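Morning, everyone. Please have the model open on your screens, and we will walk through it together.

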Amino acid sequence: MHTPHDPFVRVRDAREHNLQGVDVDIPRDVLVVFTGVSGSGKSSLAFGTVYAEAQRRYFESVAPYARRLIHQVGAPKVGEITGLPPAVSLQQRRAAPTSRSSVGTVTNLSNSLRMLFSRAGDYPPGAERLDSDAFSPNTAAGACPECHGLGQVHRTSEESLVPDPSLSVRDGAIAAWPGAWQGKNLRDILDALGYDVDRPWRELPAEQRQWILFTEEQPVVTVHPVRDAERIQRPYQGTYMSAHRYVMKTFSDSKSATLRARAERFLSSAPCPGCGGSRLRPEALAVTFAGHTIAELAALPLADLAGHLDAVGETARVLTEDLKSRVAPVLELGLGYLSLDRATPTLSAGELQRLRLATQLRSGLFGVVYVLDEPSAGLHPADTEALRAVLERLKAAGNSVFVVEHHLDVVRGADWLVEVGPLAGEHGGRVLHSGPVAELASVEGSATARYLFDRSPAPVREVRSPSGQLKVGPVTRHNLRAVSAEFPLGVLTAVTGVSGSGKSTLIGEITEDLAGVGRLVSVDQRPIGRTPRSNLATYTGLFDVVRKEFAGTEEARRRGFGVGRFSFNVSGGRCETCQGEGFVSVELLFLPSTYAPCPDCGGARYNPETLEVTYRGRNIAQVLDLTVESAAEFFADTPAVARSLGTLLDVGLGYLGLGQPATELSGGEAQRIKLASELQRGRRGHTLYLLDEPTTGLHPADVDVLMRQLHGLVDAGHTVVVVEHDMSVVAGADWVIDLGPGGGDAGGRIVAAGPPAEVARATGSATAAYLARALG
């Protein structure tokens, strides 16, 4: 019976991704947690089905042109959903933010601050009032004319462009020039212009060196190349470009990240001399409020900002109160250590999601479904309590809050729990439980129940003794002030502390140059690729072997198909409509663009002829559709493939598809793929592994799998250092370094260091109490 006031969202026959015709009723206006092992299908249910359907209905109601687009984007595979309110999604997808995006722009706090300066600032005598746009470095009205509002100027110098002045131009003195033909070409042009390319660089007259490196002129000359005698070389017209111009042009215009990164090596960036790094033009910096410029206030941690907003006069009071009320939820979520001018690309995915969450708290929406993706990711247990309070407030405002989450404290605080499982990939996709949390205890096959209700203390592990010490520091960077740390070698060290206490900054100082490191492998959460072209199979090198197997089949040999025919990155075998991506980008006016399956190959990436070649009854597209687990059975007797699939299984990624695009992988998955690629290399000598929050996005059952791998590395004589918030991991470490006591300026010190049992008794540590609880 569906009354108009049906209090449930009723999902029928959901088949998105690995969901197996799921029927589930989820109550509205409460806090619902979706849980289950990684890859079980909980995100497919919460985001792929419930949120996707809400978004589709929104498009339907927008405009006729949008309906055509939905047709392209496709609707979620679900029978029907009733009782679904409008939805807002907060996901950890990293859209590539630019260096102009900052904490202030993400939260809209910058707008309020600019308004305050425009309407209530103290202007110099005789200066006219400025519009609020004039206080933004991202508008023509406000940006410093010298650095265009970036705050940094990039320069080249003779030292950076020519690192070894004893070489001649012919021998490659100008390191900044491109390699291969282009570099030879520039050298031949210089020769034709009458410069001596065989004299050591340092012996050339200063004005010649200056011209070669820095001229803005681009003379055209006829070059008569003298190269291999047996090849006929025709003269050609060559245009000269100085090294400085080449580097600047590549850095600002090149679409290739590799070329940009190479160009950046020859640049030194310095604060802009015009604005001193504040990014604004002088007129804006002449206006103050309570004695500070807008740049000074934007550089303060948000926790300190409120103290500087003492208003004088009615207009100012209204504006400062508004600003304070917007800052409050950000502080509540433990992000008071961030400043408004902090660039978005330097934030972690978890920080960014919580900033968006804080902004939502102020939006005053009610009657909507908020769908959140692991909001506790990257949060210290002390901050998780604040997060729970914020979720409760969203609910109290009359909203439904649906959260995909593994953190047991968040799961315990739910009003309703949906567990998807029992395992990952094709062995999951069923709803095992949908009801109150306490009832999960009696559910057969639940992977969560055993961690949620089992209160017995962690088994006590013998603490290993270190084989040496690694000294780091003194480090003065971000909020660390001359901090020195000692990391024991040959053991597992956990670095803990609240968000923003300086953990990542400290381990970022560990380099291969330090005595005792040996080989350094740093495994971070950055994506393994920015486009759907990059995927699990290509990144791990597995795909090269698979393509060789296909090219070796009788049918492929008969048709003359080589290895390249089975690549979707080059023309020949790929579908040309989508150029082998399997997706086409659909541009939506006023909305972010999305990908839709290619209309010609339907997502298979290849053209029909290529797909006619089969290996053991499957074509190349069908092999890419296999999960790691099924592929391990399929390729069991191909050693090269089996080995790399084995390491992926070892880090708990058996549920991922071989062809799953890099853009669909979470940060934690990307990190474990990198770890697996590392594990399959033959290990030579001592290696130090650095992992930043490796358990992010992992169900407790998967954490156990991952930790077995890491402990295995230590038992094999290597050193592992993890930055970690999961207390069960910290409890199993050999040594703990705890930073704090707070975030930002309130942190940056080592509060305690020692074996877990010792740190659990430390005073003044935000971690100690939670660690003691995990140690039982």
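Let's start with one pair of residues. L492 has a bridge partner in β23, and that partner is V720. Keep in mind that this is a predicted model.

L492 belongs to β16, so let's stay there. Strand β16 covers residues 492–496, and β23 covers residues 719–723. The two run parallel and are joined by 4 bridges. Another of the pairings is V495 with V723 of β23.

β16 has a second partner, β24, at residues 735–740. Again the strands run parallel, with 4 bridges between them. Here A494 of β16 is matched with V736 of β24.

How much of β16 is buried? 5 of its 5 residues are. Both faces are covered. On one side sit L492, A494 and T496. On the other sit T493 and V495.

Now zoom out to the sheet. It is open and has 6 strands. Read across it and the order is β17-β22-β23-β16-β24-β25. The pairing is mixed. Which strands stand at the edges? They are β17, residues 519–523, and β25, residues 749–754. Each of these pairs on one side only. Neighbouring strands are turned by 15 degrees against each other on average, direction ignored.

A helix packs on this sheet. That is α26, residues 667–679. It touches β17 and β22, the latter at residues 687–692. The direction of α26 makes about 155 degrees with that of β17.

α26 also meets another helix, α27, at residues 700–715. Their axes come within 13 Å and cross at roughly 35 degrees. The crossing is left-handed. From α26, the contact uses R672, L675 and L679. From α27, it uses L706, Q709, L710 and L713. One general reminder helps here. An α-helix has 3.6 residues a turn, so residues three or four places apart point the same way.

Next, a second sheet. This one is also open, with 6 strands. Its order is β5-β10-β11-β3-β12-β13, and the pairing is mixed. At its edges stand β5, residues 87–90, and β13, residues 430–435. Each has a single partner strand, so one side of each is left without a neighbour in the sheet. From one strand to the next, the twist averages 15 degrees.

What is the partner of β5? It is β10, residues 369–373, joined to β5 by 4 bridges. These two strands run parallel. Within that pairing, S89 is matched with V371 of β10. Helix α15, residues 381–396, packs on this sheet. It touches β3 at 31–35, β10, and β11 at 400–404. Its direction makes about 145 degrees with that of β11.

Look at one residue in β10: L372. Buried or exposed? L372 has a relative accessible area of 0%, so it counts as buried. Among the residues it touches are F47, L90, Q353, L357 and L391. It also touches V401, F402, V403 and V404. As a distance marker, take F487, 115 residues away from L372 along the chain. Their C-alpha atoms are separated by 36 Å.

On to a helix, α13. It has 19 residues, and at 1.5 Å a residue these should span 27 Å. Its end C-alpha atoms are 27 Å apart, which agrees. Which of its residues are buried? They are A316, L319, T320, L323, V327, P329 and V330. What covers them includes α4 at 109–120, α12 at 302–305, and α14. Just after α13 comes G334, with a positive phi of about 75 degrees.

Last stop: the loop between α13, residues 314–332, and α14, residues 349–363. S339 is found in that loop. Why does S339 count as buried? Because its relative accessibility is 11%, and the cut-off for buried is under 20%. The side chain of S339 makes a polar contact of 2.7 Å with that of D341. Leaving out residues up to four places away in sequence, S339 touches V103, A298, A299, L300, P301 and L302.

To recap, β16 is mostly covered, L372 is buried in this model, and S339 is buried too. Thanks, that's the tour.

Terms used. Residues are numbered from 1 along each chain as its sequence is written. This is a predicted model: local features need pLDDT of at least 70, side-chain atom pairs count only at pLDDT 80 or more; totals for chains, interfaces and linings use all residues. Side-chain values use heavy atoms; hydrogens and water are left out. Buried means under 20% relative accessible area, exposed over 50%, partly exposed in between (1.4 Å probe, protein chains only). A polar contact is a pair of N or O atoms within 3.5 Å; within protein, one must be able to donate a hydrogen and the other to accept it, and residues adjacent in sequence count only if both atoms are side-chain atoms. Contact means heavy atoms within 4.5 Å. Two strands pair if DSSP finds at least two bridges between them. Axes are lines fitted to C-alpha atoms, for helices over the stretch in contact, and angles run from 0 to 180 degrees between N-to-C directions. The expected span of a helix is 1.5 Å times one less than its number of residues. A crossing is left-handed if the near helix is turned anticlockwise from the far one by less than a right angle, and right-handed if clockwise.
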